[in-house]
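Here are a few short exercises to work through with the model open beside you. Try each task before you read its solution.

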Amino acid sequence: MRKFFFLALLLVGLAGCATAPAQYGNFIQNSAQANDKKVVDDVVKKLAALCPPASTRFDLQHVTPDFFGTYLVESMRSKGYAVMEFKPEPKTASAASSASEPAAAATPGLSLSYIVDQVKGSDLYRVTLVINRQQSLDRVYQVAQDGVIYPAGYWVRKE
């Protein structure tokens, strides 16, 4: 059984290296909110181990319209992170309007993007966090027979 998880993790990791994801967000349809909460709690715990919550600001690089994204933002804030949510810039914005932006926008935080997807034809799910456009964290999860999601491997960190 462990060989299967290792092989699946390896294949998912290699597939991630071979293709550069063009889109970010949650690509799982009809995911159980309890499973999303469990994964988000795990993600925030890992972020807290890498970046101190009270002194780190994350700037989201995409919208978070689904439950996973909104719960992620809520959990990060409750843990002590400053989170700047993504707001697309209007195409007609002038240079004069950018001068009136608050000082917080002048000192950017760490950029943060995520991908939640499923290995086709399986019950394996992958979460990828991209921090500062250069460091990625990946973890594979598996939905058990009882419908509960569990980690199927360790966090993999690429710098």
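**Exercise 1.** Is aspartate 42 buried or exposed? Work out its burial class, then examine its charged partner.

*Solution.* Keep in mind that the model is a predicted one.
- Step 1: The relative accessibility of aspartate 42 is 17%. The cut-off for buried is under 20%, so aspartate 42 counts as buried.
- Step 2: Look for a partner. The side chain of aspartate 42 meets that of arginine 139 in a salt bridge, at 2.8 Å from N to O.
- Step 3: Place both residues. Aspartate 42 belongs to helix H2 (residues 33-50) and arginine 139 to strand S6 (residues 135-143), so this pair ties together parts that lie 97 residues apart in sequence.
- Step 4: Check the partner's burial. Arginine 139 has 13% relative accessibility and therefore counts as buried too.

**Exercise 2.** How many salt bridges does the count come to? Compare the surroundings of two further pairs.

*Solution.*
- Step 1: The count comes to four salt bridges.
- Step 2: One of them joins aspartate 59 and arginine 57, whose closest N and O atoms are 2.8 Å apart. Both aspartate 59 and arginine 57 are buried.
- Step 3: Another links arginine 77 with glutamate 85, with 3.2 Å between the closest N and O atoms. Here arginine 77 is partly exposed, at a relative accessible area of 40%, and glutamate 85 is partly exposed as well, at 36%.

**Exercise 3.** Which strands are joined to S4 by bridges, and in which direction do they run? Finish by judging how enclosed S4 is.

*Solution.*
- Step 1: Begin with the parallel neighbours. Strand S1 (residues 25-26) is joined to S4 by two bridges, and glycine 25 has isoleucine 115 as its bridge partner in S4.
- Step 2: Strand S2 (residues 57-60) also runs parallel to S4, with three bridges between them. In this pairing, aspartate 59 stands opposite serine 111; aspartate 59 is the residue that forms a salt bridge with arginine 57.
- Step 3: Turn to the antiparallel neighbour. Seven bridges connect S4 with strand S5 (residues 124-131), and isoleucine 115 stands opposite threonine 128 in S5.
- Step 4: Follow the chain from S4 to S5. The two strands form a hairpin with five residues between them, and glycine 121 in the turn has a positive phi of about 75°.
- Step 5: Now judge the burial. Of the nine residues of S4 (residues 110-118), seven are buried, so the strand is largely enclosed by the rest of the structure.

Methods: Residues are numbered from 1 along each chain as its sequence is written. This is a predicted model: local features need pLDDT of at least 70, side-chain atom pairs count only at pLDDT 80 or more; totals for chains, interfaces and linings use all residues. Side-chain values use heavy atoms; hydrogens and water are left out. Buried means under 20% relative accessible area, exposed over 50%, partly exposed in between (1.4 Å probe, protein chains only). Helices (H or I, at least four residues) and strands (E, at least two) are DSSP runs, numbered from the N terminus. Two strands pair if DSSP finds at least two bridges between them.
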